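Trainee: Could you take me closely through one sheet of this model, and then show me how it sits in its surroundings?

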Amino acid sequence: MKGPGRRRRLWWWLLALAAVLAVVAFAIMWRPAIAPITAAPRFEPGLVEKGARVAALGTCAACHTVDPSRPFAGGFGLDTPFGTVYSTNITPDPRTGIGNWSEEAFTRAMREGVSRDGHLLYPAFPYNHYARMTGDDVRALYAYFMTRPPLDAPARTNEMTFPFGFRPLVGFWNLLYLDDAPFASDPKQSAEWNRGAYVADAMAHCSACHTPRTRLGGPDNQRFFDGGEAEDWYVPALNARSPSPLPWSREHLAAYLRTGIAPGHAAAGGPMQSVAENLRHAEPADIDALATYIHSFLAQAPERATPATRPGSLPVPKADDPDLARMRLGHEVYANACARCHDAGRAESSGTALPLQQAVALYDPDPRSLIHLVRDGIAPPDGEPARWMPGFGAILSDEQTIALAAYLRRYGAGQADWPDLAEQVRKGKP
Amino acid sequence: MSYELQVNGKRHRVDTDADTPLLYVLRNELGLNGAKFGCGLGQCGACTVTLDGAPVMSCIVPVSVVGARKIGTVEGLGTATQPGVLQQAFIDEQAAQCGYCIAGMIMRAQALLDQHPAPSDEQIRRHMMPNLCRCGTHMRILRAVRRAADTLKAQDGGGRS
């Protein structure tokens with residue numbers, strides 16, 4: 001009788017396969033703890049200052065500082081398709097921060113996304129970028145954070161959708177998206193371009209938001225810099241698909257990255273505002289390098305004929321407009337509320353805003369950023385110099401907001417209607 | 001154009017152009033001079049009033065967009081002889097120097113206390129951030145808002161016991 005023997009052998013094979021799979025899964029998902037340190041480490045002079053510049057370029061504070069009086073105490077909630085992830089306390093408080101992390105533990109977190117105690121961090125923390133930081137930069141960053149004032153701030157519990165609350169699953173994401181090969185410079189490009197590429201990729205992690213993500217939440221690098229999203233804002237493409245109605249010059253871009261304002265072109269709002277907030281504290285030469293690198297992509301955008309170069313106020317709706325009532329309401333809101341500051345006739349002053357035909361948000365492929373700007377305005381953090389735009393969320397009704405956005409899209413940018421405009425406006429009133 | 005406005009619980013009919021800022025209507029048509037003209041660009045907050053309970057800078061609110069929403073001004077909170085809780089707190093803390101920003105400050109604070117009767121100091125600071133004071137009485141203003149919140153809490157506690 002061959003049957004039972006063969007069946008038994010098959011069972012053994014299946015068992016062996018299951019055991020191998022279990023070992024593989026364990027290897028993918030499990031990481032050991034690294035022993036805590038008990039004495040505060042000491043650093044050579046200059047390293048902490050260098051670390052401060054690395055932290056600025058890495059835009060760490062954008063997520064890890066919520067209250068400016070409590071720097072790096074964490075608590076910022078980042079909404080992702082997999083749930084809300086809260087940034088953690090990265091001050092050297094031994095109980096609630098990273099005070100008992102050795103340099104080895106810190107380096108592993110930066111390169112592999114593993115906490116000191118061995119649990120896997122969610123890739124909302126962009127370790128897939130920081131993995132390419134040089135050892136010297138990681139060490140300087142460690143020196144910087146370990147010398148910040150320790151703050152007591154326990155981590156908030158993440159609100160993940162099932163099954164993503166099970167952290168070991170991140171191990172599979174790492175298998176797909178964590179590339180720990182060191183940064184490689186491109187010999188065909190200038191030293192400045194390569195420095196900019198390193199800053200953009202390994203530190204400022206520009207593509208984390210400016211590149212779309214796959215359904216698994218990884219960077220879709222086939223569509224590098226094609227535009228993505230962050231915190232419900234549309235994040236503009238930085239390549240040939242750039243929505244900007246005016247071509248970006250390298251100088252405009254450098255000013256924008258340093259100050260959040262490119263005169264006559266753009267003002268940073270939403271998540272980009274805190275990026276500019278961080279970059280302000282970086283070395284100017286590094287920001288220039290970043291501008292050189294990013295501009296090499298933006299320069300691929302074709303010159304387009306847009307209303308942005310047309311001077312003057314936006315026009316009244318045409319009498320034969322098929323959506324005349326809404327366009328009239330939109331124009332009325334524009335003329336009576338927006339034009340007070342945005343009209344092209346205003347002289348240069350601290351209150352001068354962009355003529356709206358130049359505002360990039362009008363040219364975005366979806367209306368989310370414009371809606372946020374209209375409702376929430378632009379408010380610089382306490383004590384920081386920047387443009388202040390008052391929000392109109394409490395002033396305009398949904399109907400008025402929809403009409404305004406539809407009017408600006410058609411008569412400001414001369415672009416086809418946003419099909420999801422009304423839905424996006426009604427979706428979430430702050 | 002003719003507009004019907006609801007201010008401090010009273011209905012008013014005004015005839016004015018669609019682009020007239022609510023601030024001008026309040027001051028020039030209705031004689032409610034609490035809200036002040038500061039910058040006219042929504043940058044300083046001296047003109048702050050509430051619209052359905054939310055603080056807005058009335059210099060950038062065209063009268064045409066208001067509709068049936070309820071407008072609240074400092075005059076609605078109390079009188080010189082019977083000041084409201086916030087007004088009394090500002091008096092007690094002597095929070096005004098020149099006083100130009102105070103009506104706006106009080107209305108912004110009122111919107112906070114309506115929504116969060118027991119705000120933290122951090123919440124007060126954040127909420128009051130858009131309104132500027134050029135005399136520099138910010139610390140007294142913050143104390144006045146704190147005092148009003150504490151008074152309301154004490155009153156509330158007293159009422160329940």
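Mentor: Let us begin with a single pair of strands in chain B, where strand β1 (residues 2-7) and β2(B) pair in the antiparallel sense over 6 bridges; strands here are DSSP runs of E of at least two residues, helices are runs of H or I of at least four, both numbered from the N terminus, and two strands count as paired if DSSP finds at least two bridges between them. Within the neighbouring strand β2(B), the residue that stands opposite Q6(B) is R11(B). Before going further, please keep in mind that this is a predicted model, in which local features need pLDDT of at least 70 and side-chain atom pairs count only at pLDDT 80 or more, while totals for chains, interfaces and linings use all residues. Residues are numbered from 1 along each chain as its sequence is written, and chains are lettered from A and ligands numbered from 1 in the order in which they are written.

The pair belongs to an open sheet of 5 strands in chain B, with mixed pairing and the order β2-β1-β5-β3-β4. Its edges are formed by β2 (10-15) and β4 of chain B, each of which pairs on one side only. On average, and with direction ignored, neighbouring strands of this sheet are turned by 40° against each other. Helix α3 (residues 102-115) of chain B packs on the sheet, where it touches β3, β4 and β5 (70-72) of chain B, and the direction of the helix makes about 30° with that of β3(B). Axes are lines fitted to C-alpha atoms, for helices over the stretch in contact, and angles run from 0 to 180 degrees between N-to-C directions.

To place these elements in the chain, consider the division of chain B into domain 1 (2-76) and domain 2 (85-160), with bounds that come from an automatic or database domain assignment. The C-alpha centres of the two domains of chain B lie 21 Å apart. Between them, 16 residues of domain 1 are in contact with 13 residues of domain 2 of chain B, contact meaning that the C-beta atoms of two residues, placed from the backbone, lie within 7 Å. On the side of domain 1 of chain B that touches domain 2, the elements giving two or more residues are β3 (48-51) and β4 (54-57) of chain B, and the largest share, 3 residues, comes from β3(B). The residues of that side divide into 8 nonpolar, 7 polar and 1 charged, where Ala, Val, Leu, Ile, Met, Phe, Trp, Tyr, Cys and Pro count as nonpolar, Asp, Glu, Lys and Arg as charged, and the others, Gly among them, as polar.

The edge strand β4(B) also appears at the boundary with the other chain. The contact takes 16 residues from chain B and 16 residues from chain A. On the side of chain B that touches chain A, β4(B) gives the most, with 3 residues, and the residues of this side divide into 11 nonpolar, 3 polar and 2 charged.

Chain A offers a further antiparallel example, since 4 bridges join its strand β1 (residues 77-80) to its strand β2 (residues 83-86). A hairpin joins β1(A) to β2(A) through 2 residues, and L78(A) stands opposite V85(A) in β2(A).
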